[in-house]
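The following note sets out points for a colleague who is reading this model at the bench. Please consult the sequence and the structure alongside each point.

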Amino acid sequence: MKYQISLFLLLTTVLFSCQNENEKRLAENAKEAKKKEAIFNNINKGWTFLDEPINEISESQLNSWTEWREFMKEIGEKPRKTIGAFQKKSAAISKKAMALNNNIPAQFNQPQIKSRISILITKIKMLDLFIHLSKIPDDKVVFLIQEINKELISLERQMDKIVEKAKIPKEQGEEDFLRMLDTTRAIPSSAPPLDKNIPRVE
């Protein structure tokens, strides 16, 4: 009889502890789901890229740059429903951003444009890295989206400056002078040192 009572008590204890363990696991799962939902909501709210040109001038000039058009189209499409969709979109944006180094129109193929493209690519790669972490730092993701928007504005403004500068008519002989200036820069200064014994004409 004592044996049966002990066995009954043992079974009751085991069942009770299993039930507590299940309740604890369910509570942790609910907490984790709530946390993931908050991360998703924060990223979803902050995922807004500037996908429209800030000036009509650069827009008309960029129509022939396929890589730029595809990049702008990619950032303009907002993912929906899951973090996984945002991760896929981030990877696609990163791939399109890398292609911006290809076929840059001759007018924009300048150091100031290339450096801004490099900065833009770096920030997009950081975004892609952060959003693929197991614990996503959603605040950093949202901050990087804002930074990417700033870089886009900076890049487009630089393009506008180049377009505006090209519109300014050059004075007569200015192109020849600039060409001559470039030629003189290319000639190394290998003139022999002045002889102190030769009288100088002042």
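**Notes on charged residues, a pocket and the overall fold**

1. The first point concerns E67, which has its place in helix α3, residues 66–76. The model is a predicted one, and the remarks below should be read accordingly. E67 is buried but forms no salt bridge. The nearest side chain of opposite charge belongs to R69, at 7.9 Å; a salt bridge would require a side-chain nitrogen within 4 Å of a carboxyl oxygen.

2. What does the side chain of E67 meet in a polar contact? The partner is the side chain of N103, at a distance of 2.7 Å. N103 also appears among the residues in contact with E67 once neighbours within four places in sequence are left aside; the others are A99, L100 and N102.

3. A second buried acid without a salt bridge is D128, located in helix α5, residues 111–131. For D128, the nearest side chain of opposite charge is that of K125, 8.9 Å away. The side chain of D128 instead reaches a backbone atom, the nitrogen of A91, at 3.3 Å. With neighbours within four places in sequence set aside, the contacts of D128 are Q87, S90, A91 and S94. A91 is thus both a contact of D128 and the residue whose backbone nitrogen the D128 side chain reaches.

4. D138 belongs to helix α6, which covers residues 138–167. Is D138 buried or exposed? D138 counts as buried because its relative accessibility is 16%, and the limit for that class is under 20%. Although D138 and I43 are 95 residues apart in sequence, their C-alpha atoms are 6.0 Å apart in space. I43 is also one of the residues that D138 touches, together with A38, I39 and N42, when residues up to four places away in sequence are not counted.

5. Turning to salt bridges, a search of the whole structure finds six. One of them joins the side chains of K89 and E74, with an N to O distance of 2.6 Å. This pair links distant parts of the chain, since K89 is in helix α4 (residues 83–98) and E74 is in helix α3, 15 residues apart. Both K89 and E74 are buried.

6. K89 takes part in another salt bridge, with E77, at 3.3 Å from N to O. Because K89 lies in helix α4 and E77 in the loop between α3 and α4, this pair ties together parts that are twelve residues apart in sequence. The partners fall into separate accessibility classes: K89 counts as buried because its relative accessibility is 10%, whereas E77 is partly exposed, with a relative accessible area of 38%.

7. A further salt bridge is formed by the side chains of E147 and K123, at 2.9 Å from N to O. E147 is in helix α6 and K123 is in helix α5, so the pair ties together parts that are 24 residues apart in sequence. E147 is buried, with a relative accessible area of 15%, and K123 is buried as well, with a value of 18%. The pair is also part of a network of salt bridges that links K123, E147, K150 and E151.

8. The second largest pocket holds about 210 Å³ of space. Which residues line this pocket? The lining is made up of E32, K35, K36, I39, I83, S134, K135 and I136. Helix α1, residues 2–46, supplies the largest share of the lining, four residues. I39, a lining residue of this pocket, is also among the residues that D138 touches.

9. Lastly, the architecture as a whole. How many helices and strands does the protein contain? There are seven helices and zero strands, and the order of elements from the N terminus is α-α-α-α-α-α-α. The protein has 202 residues, of which 28% count as buried. Of the contacts between residues at least 6 apart in sequence, 78% join residues at least 24 apart. The contact between D138 and I43 spans 95 residues in sequence, and may be inspected in the model as one example.

Conventions: Residues are numbered from 1 along each chain as its sequence is written. This is a predicted model: local features need pLDDT of at least 70, side-chain atom pairs count only at pLDDT 80 or more; totals for chains, interfaces and linings use all residues. Side-chain values use heavy atoms; hydrogens and water are left out. Helices (H or I, at least four residues) and strands (E, at least two) are DSSP runs, numbered from the N terminus. Buried means under 20% relative accessible area, exposed over 50%, partly exposed in between (1.4 Å probe, protein chains only). Lys and Arg count as positive and Asp and Glu as negative; His and the chain ends are not counted. A polar contact is a pair of N or O atoms within 3.5 Å; within protein, one must be able to donate a hydrogen and the other to accept it, and residues adjacent in sequence count only if both atoms are side-chain atoms. Contact means heavy atoms within 4.5 Å. On a 1 Å grid over the protein atoms alone, a cavity is a set of points where a 1.4 Å probe fits but cannot get out, and a pocket is an open set with protein on both sides within 12 Å along at least five of seven lines; lining residues have an atom within 4 Å of a point. Grid points are joined across faces, edges and corners, and a volume is the space filled by probe spheres set on the points.
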